[in-house]
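Colleague: I would like a close look at one part of this model. Please take the open sheet and then work outward to what surrounds it.

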Amino acid sequence: MEKRLKIGVVGCGAIGSSLAKEIACNMRDCACLSTLYDIKMDRARDLAGKIGCSPGICVGSLRELIKRSSLVVEASSAMASWGIARKSLSSGSSIMVMSVGGMVGHWDELYKLCLKKKTMAYFPSGAISGVDALKGAKAAGIRSVVLTTRKNPKAFSGVDYVKKHFDLSGIKSDKLLFKGDAARAVKYFPQNVNVAAILGLAGIGMHKTQVRIIASPEVNRNIHEIEIISDAAKIFTRTENVLHPQNPKTSFLAVLAAIATLRQILNPVRIGT
Ligand SMILES: NC(=O)c1ccc[n+]([C@@H]2O[C@H](COP(=O)([O-])OP(=O)(O)OC[C@H]3O[C@@H](n4cnc5c(N)ncnc54)[C@H](O)[C@@H]3O)[C@@H](O)[C@H]2O)c1
C-alpha cells in the first residue's frame with residue numbers, strides 16, 4: 001500500500017511547476033506527485049513531460065485531482081483559490097494555498113470546514129520575513145503592524161488604480177502610491193495581495209494592518225519591510241526579493257517558502273513557530 005503523501009498540484013505556472021518538480025524529484029521518500037491539473041491542459045502535459053512523469057498524472061478536472069490527492073497544492077489564481085480550498089477540504093483532502101488573497105472573507109468558513117473534516121489548511125509565509133515572530137508576539141498583544149512595499153515603477157504598469165491616479169513615466173525619486181489598511185491594499189493592488197493577506201491573517205486582521213506602497217526607480221527587486229510593535233518585542237524585517245525567472249510578478253522566495261512548508265508537513269520535527 002502507498003504510504004507516501006499523495007500530492008496534487010492545481011495550476012502549472014511558475015509556482016506550480018517549481019513545486020511539482022520538487023515533489024517529483026526531491027521528496028520521493030515521503031511524497032508522490034499524484035496529479036497535475038491546469039485549466040490550460042497543455043500546461044499540465046508539458047510540465048509532466050519536463051519533470052519525467054507519465055502523462056497519466058494529468059487530469060481534466062479539479063474533482064479528479066482531489067479524488068487522487070491527500071494534499072492539494074493550489075497555485076492558480078486568487079479568483080479560483082477559495083473554491084479549490086472549499087472543494088478539497090469538503091472532500092477530506094488537506095490544502096496548501098498560494099493565492100492567499102482569495103481567502104479574505106472566507107476565513108471563518110475555512111476554519112469550520114477544517115475542524116469538521118479533520119483536514120489541514122497551510123499558508124506559506126511567501127515573500128516576506130517576520131511571520132514567525134508576528135505569530136509568537138500575538139499572545140502578548142500587538143499594537144501595530146505596518147508593511148512598506150517598494151517596487152520599480154515598471155512593476156505597477158498593469159495596475160488600474162495606478163493608471164487612474166499617477167503618471168510614473170520618468171519619475172526620478174520615490175512616489176507614495178498608497179497608504180491605508182490591508183483590506184483596501186488588496187483591492188487596489190492585486191500584485192501585493194498575497195503579502196498583505198498573509199500579514200493580515202497571521203496578525204491583527206486586514207483592517208488593522210497598515211500598508212504603504214511606494215514606486216521607487218532606484219530598486220530592481222521587490223522589497224518588503226515590516227514593522228511590528230508588540231508588548232513582547234519591537235520587530236523590524238526587510239526582505240529584498242529576486243524575481244522568479246519564469247514570472248517576474250512572483251518573487252523567487254515565495255516558491256522556496258512553499259517548498260519549506262511542504263517539507264515541514266512531511267517532517268516529524270518542526271523548527272520555528
Ligand atoms: N503566497 C505567495 O507568497 C505568492 C507569491 C506569488 C504569487 N502567488 C500567487 O500564486 C498563484 C500562482 O502564481 P504563478 O506565479 O505560478 O502564476 P502563473 O500565472 O505563472 O500560473 C498560474 C497557472 O494557473 C492556471 N490556472 C488559473 N486558474 C486556474 C483554475 N481555476 N484551475 C486550474 N488552473 C488554473 C493558469 O492557467 C496558469 O498555468 C497566483 O495566484 C499568485 O498571485 C502567491
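Modeller: What follows starts at the sheet and moves on to the salt bridges, the cores and one buried acid. Keep in mind that this is a predicted model.

The sheet comes first. Five strands build it, in the order E2-E1-E3-E4-E5. The sheet is open, and its pairing is parallel. The edges belong to strand E2 (31-37) and strand E5 (121-122). Each of these two has a single partner strand, so one side of each lacks a neighbour in the sheet.

Now go through the pairings. E1 and E3 run parallel and share four bridges. Valine 9 has valine 73 in E3 as its bridge partner. E3 is also joined to E4, again by four bridges and again in parallel. There, valine 72 stands opposite isoleucine 95 of E4. Between strand E4 (residues 94-97) and E5 there are two bridges, and these strands run parallel. Isoleucine 95 turns up here too, opposite alanine 121 in E5.

A helix packs on this sheet. It is helix H4 (residues 78-90), which touches strand E1 (5-10), strand E3 (71-74) and E4. The direction of H4 makes about 160° with that of E4.

Look at E3 itself. Both of its faces are covered. Leu71 and Val73 are buried on one side. Val72 and Glu74 are buried on the other. Val73 also belongs to a core of 29 residues, together with Ile7, Ala75 and Met96 among others.

Next, the charged pairs. Side chains of opposite charge can pair when their charged atoms come close. The model has nine salt bridges, with a cut-off of 4 Å between nitrogen and oxygen.

One of them joins arginine 263 and glutamate 22, at 2.6 Å from N to O. This pair links distant parts of the chain, 241 residues apart. Arginine 263 sits in helix H10 (residues 252-266), and glutamate 22 in helix H1 (residues 14-26). Arginine 263 is partly exposed, at 36% relative accessibility. Glutamate 22 is buried, at 16%.

A local pair is formed by glutamate 64 and lysine 67, with N and O 3.8 Å apart. Both lie in helix H3 (residues 62-67). They are three residues apart, about one turn of the helix. Glutamate 64 is partly exposed, with a relative accessible area of 28%. Lysine 67 is exposed, at 66%.

Then there is arginine 150, which forms a salt bridge with aspartate 174. Their closest N and O atoms are 3.4 Å apart. Arginine 150 lies in strand E6 (residues 142-151). Aspartate 174 lies in the loop between helix H7 (160-165) and strand E7 (175-181), so the salt bridge ties together parts 24 residues apart in sequence. Arginine 150 is buried at 18% relative accessibility, because the limit for that class is under 20%. Aspartate 174 is partly exposed, at 40%. The two belong to a network of salt bridges that also links Glu225, Arg238 and Glu240.

E6 and E7 also lead to the largest nonpolar core, which has 34 residues. Within this core, Phe156, Phe189 and Val211 touch the most other members. Several elements supply at least two residues each, including E6, H7, E7, helix H8 (182-188) and strand E8 (210-215). Helix H9 (193-202) also does so. H9 gives the most, with seven residues.

Phenylalanine 189 shows how this core is knit. Leaving out residues up to four places away in sequence, phenylalanine 189 touches Phe156, Val159, Tyr161, Val162, Leu177, Phe178 and Ile213. The core of 29 residues that includes Val73 lies apart from this one.

Finish at aspartate 181, in strand E7. Aspartate 181 is buried, with a relative accessible area of 16%. Its side chain reaches the backbone nitrogen of arginine 184 at 2.8 Å. Beyond four places in sequence, aspartate 181 is in contact with Met206, His207, Thr209, Gln210 and Val211. Val211 is one of the core residues that touch the most other members. From aspartate 181 to alanine 196 the C-alpha distance is 9.2 Å, across 15 residues of sequence.

Notes. Residues are numbered from 1 along each chain as its sequence is written. This is a predicted model: local features need pLDDT of at least 70, side-chain atom pairs count only at pLDDT 80 or more; totals for chains, interfaces and linings use all residues. Side-chain values use heavy atoms; hydrogens and water are left out. Two strands pair if DSSP finds at least two bridges between them. Contact means heavy atoms within 4.5 Å. Axes are lines fitted to C-alpha atoms, for helices over the stretch in contact, and angles run from 0 to 180 degrees between N-to-C directions. A salt bridge is a side-chain nitrogen of Lys or Arg within 4 Å of a carboxyl oxygen of Asp or Glu. Buried means under 20% relative accessible area, exposed over 50%, partly exposed in between (1.4 Å probe, protein chains only). A nonpolar core is a set of buried Ala, Val, Leu, Ile, Met, Phe, Trp, Tyr and Cys residues joined through side-chain atoms within 4.5 Å. A polar contact is a pair of N or O atoms within 3.5 Å; within protein, one must be able to donate a hydrogen and the other to accept it, and residues adjacent in sequence count only if both atoms are side-chain atoms.
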